[in-house]
Amino acid sequence: MLIEAINIEHRFGSRAVLSGFSHAFSTGSTAIVGPSGSGKTTLLCILGGLLRPSSGELRVDGHAVSSKWSDRVAWVPQSPVASMRRTALENIVQGGLNRPSSRRVAIEDAASIAADLALNDVMRRPARLLSGGELQRVAIGRALNTRLPVICADEPTGQLDARTTRQVLDCMFTALRNHDRLVLIATHDEEVWKRCDSVIEMSSQ
Ligand SMILES: Nc1ncnc2c1ncn2[C@@H]1O[C@H](COP(=O)(O)OP(=O)(O)O)[C@@H](O)[C@H]1O
Ligand SMILES: [Mg+2]
């Protein structure tokens, strides 16, 4: 898969956040780095189809994106939200229920994704009893189980301490190696961007 941003401009009122941004993103992981306020979240929302740029074009595999583009993108939020009464595994299963395949497949896939994310020991535990790092792995698992071709994550380690960050990233990149996805990660965390296949740097304007 190839996502091409072509001469993207975005302004909020008179504030220009992106001007003349062009880049081609291919399968694998790309970190979008830059200081706070440099437009990382804005760019991620445009690439993920949640925000229409003021001007410029977004193409996927050579075609201009339609309004349905955002349906093909899974998001990992900065603060993971899970159904707290459901178990870790059930939360990951939920990610797979939007697929045309059967519930049984979503459950089987969830179990193997939970294993990739080193959640075996806690997968039957209600989400409310999980640590922040475990919850973040559940959120990553849910995004993987959608099987959507694109995953966007905005500061996925923003709420975690250094040790938990390393553990979550070890699991996430192990899991990603088993799944062919285009992953876009907005981050200012060196631990994150040094593990990505490529890095683009936003400059403050
Ligand atoms: N909805 C909005 N309305 C007005 N200004 C916004 C909005 N969203 C972001 N901004 C401004 O755009 C700039 C870039 O924000 P953002 O994309 O969130 O940067 P980053 O994620 O790199 O911190 C900031 O100055 C921010 O205040
Ligand atoms: Mg941001």
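Begin by selecting helix α1, where K40, T42, L43, L44, C45, I46 and L47 are buried; bear in mind throughout that this is a predicted model. The helix spans residues 40–47, and because 7 of its 8 residues are buried, α1 is largely enclosed by the rest of the structure. Continue along the chain to G49, just after α1, and you will find a residue that takes a positive phi of about 80°.

From there, move to the largest pocket, which has a volume of about 290 Å³. Select L51, R52, P53, L58 and V65, the residues that lie nearest the centre of this pocket among the 17 that line it. If you then highlight strand β4, residues 55–60, you will have the element that gives the most to this lining, with 4 residues. Colouring the lining of the largest pocket by class should show 8 nonpolar, 7 polar and 2 charged residues.

Next, show the side chains of E57 and R59, which form a salt bridge whose closest N and O atoms are 3.1 Å apart. How exposed are the two partners? E57 counts as partly exposed because its relative accessibility is 30%, and R59 likewise counts as partly exposed, at 26% relative accessibility. This pair belongs to a set of 7 salt bridges found by a search of the whole structure.

For another salt bridge, select R147 and D109, whose closest N and O atoms are 2.6 Å apart. Here the pair links distant parts of the chain, since R147 sits in the loop between α4 (132–145) and β7 (150–154), while D109 belongs to helix α3 (residues 103–116), and the two are 38 residues apart. The surroundings of the partners can be compared by their accessibility: R147 counts as partly exposed at 48%, whereas D109 is buried, with a relative accessible area of 14%.

Now turn to T87, in the loop between β6 (73–76) and α2 (88–96). Is this threonine, T87, buried or exposed? T87 is buried, because its relative accessible area is 15%, which falls under the 20% limit used for that term. To see what surrounds T87, select M123, R124, R125, P126 and A127, with which T87 is in contact once its neighbours within four places in sequence are left aside.

The tour then goes on to the second largest pocket, which holds about 160 Å³ of space. Its lining can be selected as T27, G28, S29, F173, L176, R177, H179, D180, R181, V183, R195 and D197. The elements that give two or more residues to this lining are β3 (28–33) and α5 (162–177), and α5 gives the most, with 3 residues. When the lining of the second largest pocket is coloured by class, there are 3 nonpolar, 4 polar and 5 charged residues.

Keep R195 selected for the last stop, as this residue lines the second largest pocket and also forms a salt bridge with E191, the closest N and O atoms being 3.8 Å apart. R195 counts as partly exposed, because its relative accessibility is 26%. Finally, add D170 and K194 to the selection, and you will have on screen a network of salt bridges that links D170, E191, K194 and R195.

Conventions
Residues numbered from 1 in each chain as written. Chains lettered and ligands numbered in written order. Predicted model: local features only at pLDDT ≥ 70, side-chain atom pairs only at ≥ 80, totals over all residues. Heavy atoms only, no water. Salt bridge = Lys/Arg side-chain N within 4 Å of Asp/Glu carboxyl O. Buried < 20%, exposed > 50% of the residue type's maximum accessible area, 1.4 Å probe, protein only. 1 Å grid on protein atoms, 1.4 Å probe; cavity = no way out; pocket = protein on both sides within 12 Å on 5 of 7 lines; lining within 4 Å. Points joined across faces, edges and corners; volume = space filled by probe spheres on them. Nonpolar A, V, L, I, M, F, W, Y, C, P; charged D, E, K, R; others polar. Contact = heavy atoms within 4.5 Å.
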